Amino acid sequence: MNIFRTLHRSILLLFVVVVVSIVTLVHFSVSKIVAEQSRAQQQSHSPAVELIVEQLMKPLHISETLVKAKELQDLMGAHTIDEQAVFSSLKRLHREFGMNFFIASEKSRRQYYSDGTTTELIEGDVSWYFKYKNSAQNEIADIGKWEDTHFYIDLKVFDENQRFLGFFGVGKSLRSFLDIFARYKDTYGYDFIFADQDKNITLSSDPKLVAANSQFTNLADLPWFKDLSEEQQQGSLNNLLVKINGFDFLVAELNIQPFDWTLYLMTPLESRQTEISRGFIFSVVTLLVLIFGLFLIIYNLLYYFKKDMQKTRQIDVLTELPNRASMSLKFDGLMYEKTSVSLVLINLDNFKSVNETHGRKAGDIVLRQIASMLQLELRDQDILGRWGGEEFLLLLPNTGPHEAVEVAETVRNRLANMTITTGSMSIQMTASFGVSFTAIPRAINEVIAAADDALFAAKREGRNVVRLQLIEEH
């Protein structure tokens with residue numbers, strides 16, 4: 001996860017650098033007569049892009065990634081919803097990403113928030129859930145929670161059989177948007193208006209236009225919009241000059257495709273600067289559209305890149321278990337959460353002779369069947385992966401060293417009594433086990449080293465045994 005988060009941040013940083021660089025070039029092309037006006041306009045558009053990326057696209061991207069997590073599907077698809085586990089996951093996500101997440105469960109008909117509160121999903125009282133449940137869309141942007149109005153990103157969650165499990169997403173108080181808009185307006189004097197496909201105003205820098213008590217202001221209710229011709233009202237408002245309270249404003253229009261919203265950037269102009277500023281704003285908004293399109297392309301490439309990387313770098317192709325890199329990340333995650341862990345190295349005894357006697361194809365069959373058996377022996381919280389060659393790694397969270405030895409003994413005995421079939425022949429296998437333990441955050445190499453010493457002792461003592469090596473404190 002960390003590698004993709006770093007990659008994503010790097011792309012966003014590159015994106016901002018490109019925006020600033022291009023707009024700066026445009027700035028120096030403007031005549032000296034409008035130099036100060038041009039500089040103010042150039043500086044004002046970077047926050048517009050930052051707002052879209054940081055406040056809308058980033059929460060959407062994070063939610064789209066998390067909604068595919070098996071942990072979430074297991075929580076929402078359980079026969080009985082474990083509310084304690086639900087709140088624990090939501091609070092962990094809140095700590096990690098600094099956002100307010102929620103789960104709306106079809107099973108329990110309750111909505112759970114990362115702040116520990118819940119809402120009963122009663123048809124007639126909570127309209128959004130039942131409205132969007134039956135819609136064809138799987139991703140919805142919505143305004144709700146009217147006692148403290150919020151902007152929501154609602155993503156449908158399905159199990160592997162495409163059975164609807166409910167919604168997962170992010171909720172952000174509109175107060176946070178108003179604070180950002182207020183700072184922007186104080187600095188540059190420009191206004192934002194976000195409107196949906198029905199021209200209902202969803203977000204705005206003008207607090208009087210923000211939705212409240214389930215009522216939206218429509219663009220058609222605004223005096224300046226009423227003054228437009230019917231043709232102008234039905235068409236694009238981009239590059240249109242309008243008069244608001246006696247002042248001229250130039251409208252820049254930007255489509256936010258994932259939400260099917262439109263951003264209207266209202267630029268105040270003095271009459272003698274109108275024509276030059278019109279060309280400048282048009283150029284900058286054109287650049288914003290192109291850069292925003294580039295961002296969407298990069299976003300989709302990142303998604304498919306991550307998907308491919310997960311397959312090629314995190315999964316062992318032969319056994320379909322997490323590979324060494326993936327297990328290292330999972331261990332780091334447990335250390336980040338300050339979870340005590342027992343670590344078990346499992347090394348198949350005399351595996352080289354299987355390849356030499358029966359061929360590599362038979363060796364591959366042995367590894368696959370043993371991997372399947374090990375998975376069946378694990379508890380729900382245990383994590384199994386292929387560490388390399390004929391070696392497997394087992395992580396036992398919240399498990400003490402002596403309990404881990406008992407688990408390893410059970411697995412060792414099960415393997416020793418297992419008959420592996422490779423077509424026309426049967427093979428008996430054993431394995432040696434090295435166990436180590438840490439109750440405090442450590443590097444995986446330190447814990448592996450102790451388990452490796454225990455494994456070496458097990459091999460030296462005749463194989464098919466379990467040995468424990470505790471880490472020496474310095």
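This briefing describes two sheets and two loop residues of the structure above. The model is predicted. One open sheet is formed by six strands, and another open sheet is formed by five strands. Gln162 and Asn239 are treated last, for their positive phi values.

**The six-stranded sheet**

- The strands follow the order β3-β2-β1-β6-β5-β4, and their pairing is antiparallel.
- The edges are held by β3 (118-120) and β4 (139-144); each has a single partner strand, so one side of each is left without a neighbour in the sheet.
- On average, neighbouring strands of this sheet are turned by 25 degrees against each other, direction ignored.
- The antiparallel pairing of β4 with β5 runs over six bridges.
- Within this sheet, Ala141 has Ile153 of β5 opposite.

**Helices on the six-stranded sheet**

- Helix α3, made up of residues 70-77, packs on the sheet and touches β1 (100-105), β5 and β6. The direction of α3 makes about 115 degrees with that of β6.
- Helix α4, made up of residues 83-97, also packs on the sheet, where it touches β1, β2 (110-113), β3 and β6. The direction of α4 makes about 155 degrees with that of β1.
- Both α3 and α4 therefore have β1 and β6 among the strands they touch.

**The five-stranded sheet**

- Here the order of the strands is β8-β7-β11-β10-β9, again with antiparallel pairing.
- At the edges stand β8 (201-204) and β9; because each has a single partner strand, one side of each is left without a neighbour in the sheet.
- Neighbouring strands are turned by 30 degrees against each other on average, direction ignored.
- Strand β9 pairs with β10 (residues 247-256) in the antiparallel sense, over five bridges.
- Opposite Lys243 stands Asp248, which belongs to β10.

**Loop residues with positive phi**

- Gln162 is not a glycine, yet its phi is positive, at about 60 degrees. Gln162 is located in the loop between β5 (150-158) and β6 (164-173), and with a relative accessible area of 58% it is exposed.
- Asn239, likewise a residue other than glycine, has a positive phi near 65 degrees. Asn239 is found in the loop between α8 (230-234) and β9 (240-244). The relative accessible area of Asn239 is 24%, which makes this residue partly exposed.

Technical notes. Residues numbered from 1 in each chain as written. Predicted model: local features only at pLDDT ≥ 70, side-chain atom pairs only at ≥ 80, totals over all residues. Heavy atoms only, no water. Helix = DSSP H or I, 4+ residues; strand = E, 2+ residues; numbered from the N terminus. Buried < 20%, exposed > 50% of the residue type's maximum accessible area, 1.4 Å probe, protein only. Pairing = 2+ DSSP bridges. Axes fitted to C-alpha atoms, helices over the stretch in contact; angles between N-to-C directions. Contact = heavy atoms within 4.5 Å.
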